Amino acid sequence: MSNVELIEKINELKKEKNAVIVAHNYQNDEVQEVADVIGDSLALSRYCANNDKDVIVFCGVHFMAESAKILSPSKTVLLPEIDAGCPMADMVTADALREEKKKHPGAVVVCYVNSSAEVKAESDICCTSSNAIEVVKSIPEKDILFVPDKNLGSYVAQKVPEKNIILWEGFCITHHRVSLEQVKEIRKIHPDALLLVHPECRKEVWEEADFVGSTKQIIDFAKESGSSKFIIGTEMGVMYKLKKDNPDKSFYLLSQGLVCPNMKKTTLKSVYNALKEMKYEITLDENIRLNAKRALDRMIRIG
Ligand code: 13P
Ligand code: SF4
């Protein structure tokens, strides 16, 4: 089937099943083109909690579809590629977190949404890259156990110095491999471009940035900025919206290694198959779901 035919079939199935297609900013261009909603982790979580469709086709990675199911249990949530996981989310397990909590009895556990439902269920509150600073500031206690991303955790620690942030040894393979040398090299080539990076990058990389934010915050910043040239320090999928929103501006990817293979697994064909065969459905243990929801709801209430 050609892409045009696939899009036609996807739209028919969407109506028939009363479905909505949501896509993360890192998805392949063809998937973003067919999506009803595109966004960062926070925007997509919020959207999934408040929509009236029966079926959510989540084009992203496993933890994102799981969050949609935690927030919308009565809906059928489908992840088109069941093997689309997040290696960083796999760097913390509920068992390991329970052990670490014993070592820091008074600490409040803040868990980045890039984590499993089981880990969320063991946490006090969730955060995303767009609200991590506000989430940590909202906590009255001083000691915070921040899991799993040590790079985002150190960014928050620098912005909220009054807190004692205990870091976990987790990181995003895609963002963590960007080096300071690459920053220096590209700065030489484009000296008048602003550097916009995701906080999942190493400390020495985000310290050099002109702006640090989530995928949506980077997209919004580039649109609103008076500058016309930008070096982009996050996964290459954001280039689709950056170029679409700003045809007169120039965008340079900080490193050619900024590709998340898991985000790239979903294609138009997999979206079509997901809707046609209603796969792969996300299911959760109700006890875990309710505990994970408590941590997600506490984050969402922050606004
Ligand atoms: P955002 O919250 O910025 O969408 O990021 C999610 C993610 O997986 C980054 O690697
Ligand atoms: Fe996970 Fe990194 Fe991919 Fe985001 S970019 S989904 S953190 S592996």
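1. Start with a strand pairing. Phe146 has Leu167 of strand 8 as its bridge partner. The two strands involved are strand 7 and strand 8 (residues 164-167); they run parallel and are joined by four bridges. Keep in mind throughout that this is a predicted model.

2. Strand 7 has a second partner. Strand 5 runs parallel to strand 7, and four bridges join them. Within this pairing, Cys111 stands opposite Val147 of strand 7. Strand 7 covers residues 143-147 and is mostly covered itself, with four of its five residues buried.

3. Next, strand 1. How many of the six residues of strand 1 are buried? Six of the six are, so strand 1 is largely enclosed by the rest of the structure. Its side chains go two ways. Ala19, Ile21 and Ala23 point one way. Val20, Val22 and His24 point the other way. Both sets are buried.

4. Strand 1 pairs with two strands. With strand 3 the sense is parallel, over five bridges. Here Ala19 has Val55 of strand 3 as its bridge partner. With strand 2 (residues 37-39) strand 1 also runs parallel, joined by three bridges. In that pairing His24 is matched with Gly39 of strand 2.

5. Strand 12 (residues 250-253) makes a useful contrast. Its side chains alternate between two faces. Phe251 and Leu253 point to one face and are buried. Ser250 and Tyr252 point to the other face and are not buried. Strand 12 runs parallel to strand 11 (residues 229-233), with four bridges between them. One partner pair is Ile231 and Tyr252, the latter in strand 12.

6. Now helix 4, residues 62-71. Nine of its 10 residues are buried, so helix 4 is largely enclosed by the rest of the structure. The buried residues are Phe63, Met64, Ala65, Glu66, Ser67, Ala68, Lys69, Ile70 and Leu71. Note that Glu66 and Lys69 are on this list.

7. What covers the buried residues of helix 4? The cover includes three strands: strand 1 (19-24), strand 3 (55-59) and strand 4 (76-78). It also includes helix 3 (41-49), helix 6 (117-121) and helix 15 (286-302).

8. Turn to the ligand site. Ligand 2 sits in the largest pocket. The residues around ligand 2 are Tyr26, Val61, Cys86, Pro87, Met88, Asn114, Cys172, His175, Glu200, Cys260 and Met263. By type, this shell divides into eight nonpolar residues, two polar and one charged.

9. Asn114, one of the residues around ligand 2, deserves a closer look. Where does Asn114 lie? It is in the loop between strand 5 (108-112) and helix 6. Asn114 counts as buried because its relative accessibility is 7%, and the cut-off for buried is under 20%. Setting aside neighbours within four places in sequence, Asn114 is in contact with Phe63, Cys86, Met88, Ala89, Pro148 and Glu200. Cys86, Met88 and Glu200 are also around ligand 2. Phe63 is one of the buried residues of helix 4.

10. Last, Glu204. This residue is found in helix 11 (residues 203-206). Is Glu204 buried or partly exposed? At 34% relative accessibility, Glu204 counts as partly exposed. Glu204 and Val183 are 21 residues apart along the chain, and their C-alpha atoms are separated by 9.6 Å.

Conventions:
Residues are numbered from 1 along each chain as its sequence is written. Chains are lettered from A and ligands numbered from 1 in the order in which they are written. This is a predicted model: local features need pLDDT of at least 70, side-chain atom pairs count only at pLDDT 80 or more; totals for chains, interfaces and linings use all residues. Side-chain values use heavy atoms; hydrogens and water are left out. Buried means under 20% relative accessible area, exposed over 50%, partly exposed in between (1.4 Å probe, protein chains only). Contact means heavy atoms within 4.5 Å. A residue is near a molecule or strand if one of its heavy atoms lies within 4 Å of it. On a 1 Å grid over the protein atoms alone, a cavity is a set of points where a 1.4 Å probe fits but cannot get out, and a pocket is an open set with protein on both sides within 12 Å along at least five of seven lines; lining residues have an atom within 4 Å of a point. A molecule sits in a cavity or pocket if more than half of its atoms lie within 2 Å of its grid points. Ala, Val, Leu, Ile, Met, Phe, Trp, Tyr, Cys and Pro count as nonpolar, Asp, Glu, Lys and Arg as charged, and the others, Gly among them, as polar. Two strands pair if DSSP finds at least two bridges between them.
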